[in-house]
Amino acid sequence: MSEKEKKVIDARGLSCPGPITNLTKAYRNAKNGDVLEIWATDPGFKSDIKAWIERTKNELVDLKEDKDKIIAVIKITAKK
Amino acid sequence: MEEINEAELQSESIERLLNLVELLNNILKDEELLKAISNLLVSEETFLVIDRLPQLIKLIEKLTRQENLEKLDLLLGLLESLDKEILNKMGDSLSVMKKKEEAKPMSLSGLITSLSQPEVSKGLSLMLNLLKVLGS
Amino acid sequence: MIEKEKFLIVGGGSGGAILANSLAKEFDVTVINDSPNHYYWPQLLQIAFRNDYSNLYRPLSSLLVKGVNLIIDSVKKIDLQERSITLSTNKKLSYDYIAIAPGVTIDHKSIEGNEKLVNQFGDFHSTPENASKVFNIVNSMKKGTFVISVGDPYHRCPPSPYEGILLADEVFRLRGVRENINMVLAVPYPRAYPAETFNEVLEPILKERGINVMTFFTADKIDTDNKKITSLEGEELSYDAAIVVPVHKGPKIEIKPEDSVNQDGFINADKLTNQILSYDDAFAIGDASTSTNAKTGVTAHLQAKVVAKRVLGLDAKNTGRTNCPTEIGFQKGTFVISDYNHPAVKVPANTINFIMKRLFADVYWDVIKHPEFWDPIFDVYFERTEPEVLWRIFK
């Protein structure tokens, strides 16, 4: 995938469910095949993002903890 | 020049006064607000309190005498130092006392065995300390 | 006499008007507003559920103090580099300082079918006419499914969808039709209320009132023929009457440089100072600004005070304080109180909080007009109700 298709959503410093609302906002403008990378610092984000993936049936490519943030990489596959 | 300033000040004051009247009017016209306030104020408890108002005033007068205020402060300090859990337990054991059938007479050997229980000996030492203070 | 510096304020809402009145003595202040009236947007909820229009608007001129200039016109363009703005009449104005506070643009089109739906059932985030449609439907509906669905998590007044569904419940109960109506609240979040802590206050209330909550449901398409809402997340919801909280976008003003605006048209401003990018003479406050963590009048008010202090040389900063009165029907209310460092406090719902909400609304006009009178009162209020203090009380 090229870096062009990847969109970074920086939701650091937002407490729950800031990151998810930012993702929702980006999801409205996204197309299938797009890759979204979300940065968050809120510890509740990990379980929220997993629940979101389960409900929306998109693909969670990666979920990892960096030293100063949580990074989730999502591939949009389920948009109608 | 001074006269104009004064006239201006007065007109400003009158305008502020009118603003405040408008504000008050806004509050008085607010049906939902007045409904909520009356719901809060008009209740059985409020009527009871109003009924006992003379007694309440007397009570407040007594409580706020200087010597009583000091005592109240001490009592409050004592209350704050009390542990909730201990109070709960004490309440429980007191309620056992009410049900007389549950409190059985105790034999001398039973008493001695009880004394060796750590909870009992801790409580006993507390009570003895208290008795010492009361007696001194 | 030294000539005062020119301070332009785009928008005469809560933020703009308070800022203008706070700086009238020190600056040559001009407010530009696209309407002669100043609207109190929380009143839309009162129109929608109580048919009460009393606090909807006042002439803006009556809310500005002597010395503040007012231009009724819309702003076409703002050039931060050139320090100038262009009005719809093509008239150009220059400034020494500018504060951009025009509020949001409601965009019904972003959700397919929402224009048609609003025509039928109205909403309580756009206009008084649409709010009155809501009043008609909640007062005529006898049975079926009543839905409030949040189409945009960044809508004005975070608690408003909850207030809406709970006030609708109150109306249905008072009309004696509640048991024939299935009530659904659909939200984009993982739980009923986005802030986990405040959810602990709100969720039990929704449950007790028999309101069904659908999570992870962001309205995306509405099929008004078959009465169905489809969510971005891919689920469907049937309704007999529905209100969709519309998508909110930034102001329709061309702002240069282009990177001062994000893709939805909101103005990129610092969350602590409201400053736009590196322009130390330009600020964005209130709903139009990305610095706003809750789109409410209180936030705009507090930001206006921070900007006023900053341009007078003080080092004031936003704390991110929210203070959103939330009514739950039957004369009870609570407050969503949080700041950048503290999650929303679990303030229980009661009558006193409802009375506080009404009093805030009733004194609103005087607060705008007389900052010198209200500032000390609000300073004390905000200090005594700091989230840090309240968290110790409501654990």
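How many residues of chain B are in contact with residues of chain C, and how many residues of chain C take part? In this predicted model, 13 residues of chain B touch twelve residues of chain C.

**View 1. The side of chain B that touches chain C.** Two elements of chain B, helix 1 (2–28) and helix 2 (31–41), each give two or more residues to the side that touches chain C. Helix 2 of chain B provides the largest share of that side, with seven residues. Sorted by class, the residues on this side of chain B comprise six that are nonpolar, three that are polar and four that are charged.

**View 2. The contact between chain A and chain C.** Two pairs of chains are in contact in the complex, and of these chains A and C share the most contacts. Chain A contributes 18 residues to the contact and chain C contributes 14 residues; on the side of chain C that touches chain A, ten residues are nonpolar, two are polar and two are charged. Chain A and chain B, by contrast, are joined by no contact, and their closest C-alpha atoms are 33 Å apart.

**View 3. Helix 1 of chain A and what covers it.** Helix 1 of chain A runs over residues 18–29, and because a rise of 1.5 Å a residue gives an expected span of 16 Å for its twelve residues, the 18 Å between its end C-alpha atoms agrees with that expectation. The buried residues of this helix are Gly18(A), Pro19(A), Ile20(A), Asn22(A), Leu23(A), Thr24(A) and Tyr27(A). Among the elements of chain A that cover these buried residues are strand 1 (6–11), strand 2 (35–40) and helix 2 (45–56).

**View 4. Domain 1 and domain 2 of chain C.** The domain assignment divides chain C into domain 1 (1–42 + 56–104 + 250–315), domain 2 (106–248) and domain 3 (319–395). Taken over C-alpha atoms, the centres of domain 1 and domain 2 of chain C are separated by 32 Å. Each of these two domains of chain C gives eight residues to the contact between them, and the side of domain 1 that touches domain 2 consists of five nonpolar residues, one polar residue and two charged residues.

**View 5. Confidence in the prediction.** The average pLDDT of chain C is 95, and 100% of its residues score at least 70. For the complex, the predictor gives an ipTM of 0.83 together with a pTM of 0.86.

Methods. Residues numbered from 1 in each chain as written. Chains lettered and ligands numbered in written order. Predicted model: local features only at pLDDT ≥ 70, side-chain atom pairs only at ≥ 80, totals over all residues. Contact = placed C-beta atoms within 7 Å. Helix = DSSP H or I, 4+ residues; strand = E, 2+ residues; numbered from the N terminus. Nonpolar A, V, L, I, M, F, W, Y, C, P; charged D, E, K, R; others polar. Expected span 1.5 Å × (residues − 1). Buried ≥ 20, exposed ≤ 12 C-beta atoms within 10 Å, placed from the backbone. Domains from an automatic or database assignment. pLDDT = per-residue confidence, 0-100.
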